[in-house]
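Okay, everyone, let me put this one up on the screen. I'll talk through one helix and then the packing inside.

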Amino acid sequence: MIIQRVVLDSRPGKNGNPVAENFRVEEVSLPDTINEGQVRVRTLYLSVDPYMRCKMNEETGADYLAPWQLAQVADGGGLGVIEESKHQKLAKGDFVTSFYWPWQTKAILDGNGLEKVDPQLVDGHLSYFLGAIGMPGLTSLIGVQEKGHVSAGSNQTMVVSGAAGACGSLAGQIGHLLGCSRVVGICGTHEKCLFLTSELGFDAAVNYKTGNVAEQLREACPDGVDVYFDNVGGDISNAVISQMNQNSHIILCGQISQYNKDVPYPPPLPPAVEAIQKERNITRERFMVLNYKDRFEPGILQLSQWFKEGKLKLL
């Protein structure tokens, strides 16, 4: 059987921008038979995510992320349907997902590494299992629960950077659902700002490309910032941290502004901002959702419930 796959053809360099030419599509032969415990799947959806920029380097800088190898197939979050099974718990026609799905049209995989999903949880929208009812949703939910210390009735203000993205758009809504009294998003266009406030329930939105971010934040967050869901790092995060309250919390989800730079993760803060963090006892801990696998099943059920009730709107 001839299939197509995407392989890493070259690396952009630690300080370079990735380009399409770093990848190539090739045809290879897939064996006609599968072994005991294996399944043959047809790929339906792949998730392309910011963290993958790190996998394009020879070293990812993260213990839990293995780099892609040159001339080898890329992988990441994916979902497909089983066409043939020799695994006791998986049958032909089952929909399955994995965090290590190969970028190819069909594949032979170890059934033990796959998670069976129920289409009813997403009203048949299978791609949602790679988004709001999948890893981005779990990252947002568990991140806010574990690192945000949100307490209903405490009049907390949450700020979300990268607020129109996969995690940010969910994190702001989840902040409201868990009890934040005010949620402010930061993004890069007027249209995105309008979408956050008119469709997703954000109380205010800041366009970092127009005007002074610090001034806009002061206006949007008159009582300061108690919880910061950080997707971007860099100057935007420095401006937010400078307005955070005593004993507040940073949820360190991502640092996309730094991914094309050769810096450690999480990137160090400038001395003046680090001083503010220490003086105000602001927590800033690395957050890895893969450390909370025992929370995945109840998390998916909670996200699905909010989605079905219309409380969680998806992009």
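So, look at α7 on the side that faces out: Pro271, Ala272, Lys278 and Glu279 are exposed there. Keep in mind that this is a predicted model.

Now, which residues of α7 are buried? In this helix, which runs over residues 271-279, they're Val273, Ile276 and Gln277. Those three sit on the same side of α7, because they cover an arc of only 100° around the axis. And what covers them? Part of the answer is α6, at 234-241, and β13, at 283-286. One more thing at this end: Asn281, just after α7, takes a positive phi of about 55°.

Okay, on to the inside. The largest nonpolar core has 42 residues, and the ones touching the most other members are Phe129, Ile133, Ile174, Phe229 and Leu303. Several elements put two or more residues into this core, including the helices α2, α3 and α4 and the strands β8, β9 and β11. Which element gives the largest share? That's α8, with five residues; you'll find α8 at 296-308.

Let's zoom in on Ile133. Skipping its neighbours within four places in sequence, Ile133 is in contact with Val122, Tyr128, Ile300, Leu303, Ser304 and Phe307. Leu303 you've heard before, as it's also on that list of core residues touching the most other members.

Last bit: there's another core, apart from the largest one, and it has 23 residues. Among them are Ala204, Val213, Leu217 and Ala220.

Methods: Residues are numbered from 1 along each chain as its sequence is written. This is a predicted model: local features need pLDDT of at least 70, side-chain atom pairs count only at pLDDT 80 or more; totals for chains, interfaces and linings use all residues. Side-chain values use heavy atoms; hydrogens and water are left out. Buried means under 20% relative accessible area, exposed over 50%, partly exposed in between (1.4 Å probe, protein chains only). Helices (H or I, at least four residues) and strands (E, at least two) are DSSP runs, numbered from the N terminus. The arc is that of the directions from the helix axis to the C-beta atoms. Contact means heavy atoms within 4.5 Å. A nonpolar core is a set of buried Ala, Val, Leu, Ile, Met, Phe, Trp, Tyr and Cys residues joined through side-chain atoms within 4.5 Å.
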